[in-house]
Structure formats: C-alpha cells, structure tokens
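Student: Please pick one strand of this model and take me through it closely. I'd like to hear how it is paired and what becomes of its side chains.

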Amino acid sequence: MNKFRIFIATTTFFALALVLFGINYISNAQSSLDIQSKKSIPVEVRSERLCGTDHDPVKIAEAEKDLKIRQANAKIDAELNNLDVPSAEGGVINVYFHVVSDGAAGNISDAMITAQMNVLNTAYATWGYSFNLVLTDRTSNATWFNGCYGASETAMKNALHKGTAKDLNVYTCNPSNGILGYATFPSSYASAPLKDGVVLLHSSLPGGSAVPYNEGDTATHEVGHWMGLYHTFQGGCARNETSGGDLVADTAAERSSAYGCPAGRDTCTGGKFPGQDPITNFMDYTDDSCMFQFTTGQDTRMDSLYTTYRYNK
C-alpha cells in the first residue's frame with residue numbers, strides 16, 4: 001500500500017511539473033512572438049500642428065464685448081469732435097525679432113529670419129499689410145529656450161520686449177508640449193503689454209526641421225491671432241457672423257481642425273453650412289504647403305481690430 005501511495009505521489013509530481021513547464025514554454029513563446037511582431041510592424045508617428053494661443057470661450061466673449069465698447073466709444077468721440085472714425089486698412093508693421101537659444105540649438109540664421117519675413121509679407125500683402133524688420137537680437141538662455149511656453153515666458157518677454165501695441169515682437173525658442181507657436185490677441189495688450197507678441201518654435205521657420213510645418217506659416221497663423229483672428233474651426237459648426245464660430249462670415253463652418261491637406265473635407269453639412277472646410281486657410285491646422293489664403297471677411301476683421309487696439313497706439 002505504501003509503495004502504491006509513493007507511486008501515485010511521484011506520478012502526480014511529474015505531471016504537475018510537465019504542466020508548469022508547458023505553460024512557461026507557451027508563455028515564453030508567445031512573448032517572443034509578440035516581440036517579433038512589434039519589431040516587424042513599422043510605426044509611423046506624425047506630429048500635428050498645435051497652437052498654444054488661448055481660445056477660452058469665456059475670455060473670447062469678454063474680448064468681443066470689450067471690442068464693441070471701444071468701437072462705440074471711438075464713434076462717439078469722433079462725432080463729438082466732428083472727425084472721421086479712425087480706420088486702418090493696412091499699414092507697415094515694425095518687427096522686433098528675438099532669437100532665444102540654449103547656446104547651440106535654436107540659434108537660427110539671419111537667412112532663416114529673412115525668409116520668414118518674406119513669407120509674412122507674401123501672405124499679408126494682398127490685404128495691405130507689410131512687415132519691416134527693425135531689430136534682431138540673440139539671447140543664449142537655456143531656461144528661457146525650453147520654458148518659453150510656461151514658466152519662463154514672463155521673464156523672457158519682460159527682458160526682451162520692445163516697442164508699443166502697433167509693433168510686432170517675435171520670439172523663437174523651443175515651446176513645450178509639442179506647441180508650434182502661440183500669440184496674444186489685440187485685446188490683451190492693455191492688461192499685459194510686455195506679453196504682447198508671437199512665440200514660434202525655432203524649427204518652424206523656412207528651412208527648419210519641423211516638417212511639414214517648416215515653410216514659415218506657423219508665423220503667418222500666429223500673426224493672424226495677433227491681428228485678431230480666431231481659428232476657422234472655432235465654435236465648431238456655429239454659423240453666425242456676430243456670435244458664433246470665428247466671427248467671420250465668409251469662412252465656411254468647420255467642426256474640427258484639419259490636418260495634412262484633406263481635399264474635399266466637409267464636416268458641417270446641410271443647407272445651413274454651405275461650402276467645404278476651409279483647409280487652405282491660414283487659420284486652420286493643415287500643413288504649411290496646404291494653407292495659402294485669408295478671406296475678405298478676415299481682412300475686414302483684422303482691419304477692425306488693428307484700428308481699435310494697435311493703430312497709432
């Protein structure tokens with residue numbers, strides 16, 4: 001009887017050992033297959049345009065209210081003094097270009113700056129605006145370079161900002177979180193004049209490495225904000241010139257930002273939303289090679305806000 005029990009115990013032990021060995025073998029084999037599978041599948045990561053300009057709906061509503069009040073006051077002042085209401089339909093904008101680097105990375109060339117100025121002038125010439133580079137300065141500061149979107153923005157701008165509301169300050173650096181650039185709106189100048197301007201990823205300038213956003217239109221886009229424009233997809237499928245969307249009547253409604261260059265994209269359909277998505281508009285998120293235009297309505301808005309907040313200021 002004892003021999004039989006010993007036989008049963010021994011048999012059970014070897015059976016369990018074989019089961020555990022089999023499970024381990026299968027697990028290791030599966031892990032090996034998973035690793036090989038991961039190695040054999042190519043992974044393509046495509047960065048997407050990210051604009052860090054603050055489009056908080058509450059702040060936008062406050063800004064639009066402020067615009068109406070200022071415009072109403074300007075009209076009253078003009079009538080009381082028997083003068084025409086001031087109106088800018090273009091003009092020459094002086095540019096202060098601040099190159100911030102960590103000593104090596106970000107120290108863009110003068111040729112890249114010249115190319116960037118050419119891109120801006122081409123984009124805005126139709127609408128009567130030109131950009132005149134009056135100063136380029138260079139600062140080696142690794143903290144500012146890597147913290148220009150966030151902790152170091154205030155210190156950097158307080159130290160480098162020049163000019164007044166009518167002058168454009170451009171900063172190139174290395175914004176965090178994948179941000180290509182950001183800007184301040186015209187209505188923000190009164191409360192924070194030294195923060196006014198446009199910040200750009202240094203490699204987004206023409207000839208930079210931020211493909212497909214390296215032809216200079218990140219600057220075109222951000223200067224559009226500086227002039228008072230919102231994204232074409234602001235508010236989604238809202239369609240109201242005065243209280244919805246991007247507050248521009250002739251840009252088709254767009255449910256969300258577009259990437260790449262998706263010809264024929266139409267995210268807001270039906271009779272209320274005529275036209276396909278404005279993927280070629282500078283205020284969308286498509287590749288630099290895809291965007292090439294503003295609209296007449298956007299020009300009217302730029303003129304209005306430039307007059308109110310920047311013209312002769």
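Tutor: Happy to! A word on terms to begin with: two strands count as paired if DSSP finds at least two bridges between them. This is a predicted model, so let's glance at confidence before we zoom in. The protein chain has an average pLDDT of 85, and 83% of its residues score at least 70. Residues 1-46 fall below 50, and that stretch makes four contacts in the model beyond near neighbours in sequence.

Now to our strand, S5, which covers residues 198-201. Strand S3, residues 168-173, pairs with S5 in the parallel sense, through four bridges. To find that pairing on screen, start at Val170, which sits opposite Val198 of S5.

S5 also pairs with strand S4, residues 181-183, this time in the antiparallel sense and over three bridges. Here a good place to look is Gly181, whose bridge partner in S5 is Leu200.

Next come the side chains. In a regular strand they alternate between the two faces of the sheet. In S5, one side carries Val198 and Leu200, while Val199 and Leu201 are on the other. All four are buried, which means that each has under 20% relative accessible area. Both faces of S5 are thus covered.

Put the two views together and two residues return: Val198, opposite Val170, and Leu200, bridged to Gly181, lie on one side of S5 and are buried there.

Terms used:
Residues are numbered from 1 along each chain as its sequence is written. This is a predicted model: local features need pLDDT of at least 70, side-chain atom pairs count only at pLDDT 80 or more; totals for chains, interfaces and linings use all residues. Side-chain values use heavy atoms; hydrogens and water are left out. Buried means under 20% relative accessible area, exposed over 50%, partly exposed in between (1.4 Å probe, protein chains only). pLDDT is the predictor's confidence in each residue, from 0 to 100. Contact means heavy atoms within 4.5 Å.
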